[in-house]
Amino acid sequence: MTEITTLGELKKSKYQSKSIKDELRDNLIQKIRNKETTFEGVHGYENTVIPELERAILSRHNINLLGLRGQAKTRLARLMLNLLDEHIPLVEGSEINDDPFNPISRYAKELIAEKGDDTPITWLHRSERFAEKLATPDVTVADLIGDVDPIKAANLKLSYADDRVIHYGMIPRANRCIFVINELPDLQARIQVALFNILQEGDIQIRGFKLRLPLDVQFIFTANPEDYTNRGSIVTPLKDRIGSQILTHYPTDIETARLITEQEAKLVESQKENVMVPDLARDLLEQIVFEARESEFIDSKSGVSARLSITALENLLSTAERRALRSGDEKTTLRMSDFVGIIPSITGKVELVYEGEQEGAAMVAYNLIGEAVKSLFPEFFPAIEKLKKQQEETPYDPIVSWFFNQKDGFELLDDVRDKEYKNLLDAISPLNDLLAEHQSKLKKEDSYFVKEFVLWALVEFKQLSKFRFTEGIQFQDPYGSYISGI
């Protein structure tokens with residue numbers, strides 16, 4: 001079809017034009033019938049958001065995606081491009097993508113009236129049918145809808161009463177396209193009001209010109225619930241004109257969260273090859289994000305973006321990679337102590353409440369790591385009760401006794417080579433016994449991370465104490481904290 005270059009040829013081809021909403025609807029119907037994935041690469045929404053989005057498309061609605069930051073709202077909008085026809089014809093030279101069979105601009109109508117079937121047409125690929133605007137305080141009606149262009153009027157020697165002096169804004173230029181306005185509540189109320197007619201009646205108003213342009217646009221808006229109370233709001237008549245409002249959400253389980261993180265993290269191939277990441281480390285990373293969303297020190301209304309775990313994974317591998325480079329190891333395995341390297345990824349992505357500010361961002365981040373360790377530990381080892389009967393033995397007593405006998409404590413330096421690191425952990429014989437009894441099927445390469453994980457967990461459950469110093473971490477029996485000052 002793209003070889004067709006004139007209106008006459010297009011008529012002979014029996015091509016039938018349709019609105020963008022019908023395109024989306026028809027192609028979605030086809031995908032559903034063929035059992036194809038409609039929104040590739042979006043995980044955790046299979047039974048919640050995506051069915052609602054599909055229903056909105058089938059209903060030919062404009063859509064508002066409402067959710068906290070980092071919930072794939074913009075990605076969903078961009079993936080709707082895959083539901084468009086691969087190419088559509090338009091009148092060549094048209095500013096607003098005029099349909100040759102249904103021209104709406106003065107330029108296209110006059111050109112077709114003059115040249116008839118010889119009217120030149122061109123083809124627009126679906127990748128070019130996406131326009132996006134972030135709502136910022138400086139956005140104007142002229143930006144979105146259009147304004148009179150005095151330079152054009154002067155060059156063409158036209159009166160301001162002539163509609164040819166109009167310079168079209170982003171929305172008319174997105175005719176027959178998907179148009180996304182991100183963070184809609186940040187758009188000033190008077191600008192939102194200017195969208196009323198476009199959404200409902202399909203016409204636009206520019207500087208008093210009486211234009212009737214039935215624009216064919218699929219609108220998608222994104223908004224954060226926090227915006228309704230803090231920075232701005234969506235005016236009620238505009239909300240009324242948006243067909244479907246769909247609530248997005250964060251992943252509800254660690255498996256889905258891991259899938260998203262591993263898909264989105266931008267890792268260098270050498271990092272993947274040279275840094276071995278145990279499964280427990282990946283679960284722990286996601287658990288930290290889950291803890292952040294429940295933390296009393298973090299503003300839950302602001303949300304904790306999925307970008308936190310993505311950048312944290314990148315930082316985590318870089319921490320291990322840097323250690324290996326400094327110590328001269330060609331390959332290395334991730335360590336529990338490497339999680340200290342993700343603190344910068346956390347502090348920049350969470351909004352602290354007053355108590356969190358008092359605690360300090362770095363300390364809140366460090367505590368989140370501890371809380372995540374505490375939450376995951378019972379899934380792998382027997383639970384540690386807060387209170388126990390006198391003389392009652394636990395599986396962890398031999399480990400605590402071992403540390404009690406270490407007068408100078410037990411140190412794990414950050415940059416120690418892998419061989420020495422493993423020897424240090426192997427020297428804690430009760431740890432070996434604990435893993436042999438409760439994690440007998442554990443891979444050898446994962447065992448050292450798990451051993452250090454157990455030490456961190458015993459600290460969180462007040463069985464051991466931990467002291468962070470410049471070069472590494474020192475573990476002691478609980479009474480060692482009086483010496484170290486922790």
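Is A72 buried, partly exposed or exposed? In this predicted model, A72 has a relative accessibility of 28% and therefore counts as partly exposed. A72 sits in the loop between β1 and α4 (73-79). The backbone of A72 also deserves a look, since its phi is near 65°, a positive value in a residue other than glycine. Most residues other than glycine have a negative phi. R60 offers another case: its phi is positive, at about 60°, although R60 is not a glycine. The loop that holds R60 runs between α3 (49-58) and β1 (63-66). With 44% relative accessibility, R60 counts as partly exposed.

From these two loops, the view can now widen to the domains. The domain assignment of the protein gives domain 1, residues 7-247, and domain 2, residues 254-484. Their C-alpha centres are 48 Å apart. Where the domains meet, nine residues of domain 1 are in contact with 15 residues of domain 2. About 920 Å² of area is buried between domain 1 and domain 2, and carbon and sulfur atoms give 45% of this area. Which residues of domain 1 supply 63% of the area that it buries against domain 2? They are H43, R69 and G70, and no other three residues supply more.

The interface between the domains can also be described by its polar partners. Six residue pairs are found in polar contact across the interface of domain 1 and domain 2. On the side of domain 1 that touches domain 2, the residues divide into one nonpolar, five polar and three charged. One salt bridge is counted between the two domains. A salt bridge joins the side chains of R75 and E264, with an N to O distance of 2.7 Å.

In the whole structure, a search finds 20 salt bridges. Among them is the pair of K11 and D117, whose side chains meet at 2.9 Å, N to O. This pair links distant parts of the chain, 106 residues apart: K11 belongs to helix α1 (residues 7-12), while D117 lies in the loop between α5 (106-115) and β3 (121-125). How accessible are these partners? K11 has 46% relative accessibility and so counts as partly exposed, and D117 is partly exposed too, with a relative accessible area of 40%.

Another salt bridge is formed by R258 and D279, where the closest N and O atoms are 3.5 Å apart. Here helix α12 (residues 254-264), which holds R258, is linked to helix α14 (residues 279-294), which holds D279, and the two residues are 21 residues apart. R258 counts as buried because its relative accessibility is 18%, under the 20% cut-off. D279, in contrast, is partly exposed, with a relative accessible area of 43%. This pair also has company: R258, E262, D279, R282 and D283 are linked in a network of salt bridges.

A further salt bridge connects D415 with R326, their closest N and O atoms being 2.9 Å apart. D415 lies in the loop between β14 (410-413) and α20 (418-426) and R326 in helix α15 (residues 307-327), so the pair ties together parts that are 89 residues apart in sequence. D415 counts as partly exposed, at 31% relative accessibility. R326 is exposed because its relative accessible area is 53%, over the 50% cut-off.

Conventions. Residues numbered from 1 in each chain as written. Predicted model: local features only at pLDDT ≥ 70, side-chain atom pairs only at ≥ 80, totals over all residues. Heavy atoms only, no water. Domains from an automatic or database assignment. Contact = heavy atoms within 4.5 Å. Buried area = accessible area lost by both parts, 1.4 Å probe. Salt bridge = Lys/Arg side-chain N within 4 Å of Asp/Glu carboxyl O. Polar contact = N/O pair within 3.5 Å; in protein donor to acceptor, adjacent residues only side chain to side chain. Nonpolar A, V, L, I, M, F, W, Y, C, P; charged D, E, K, R; others polar. Helix = DSSP H or I, 4+ residues; strand = E, 2+ residues; numbered from the N terminus. Buried < 20%, exposed > 50% of the residue type's maximum accessible area, 1.4 Å probe, protein only.
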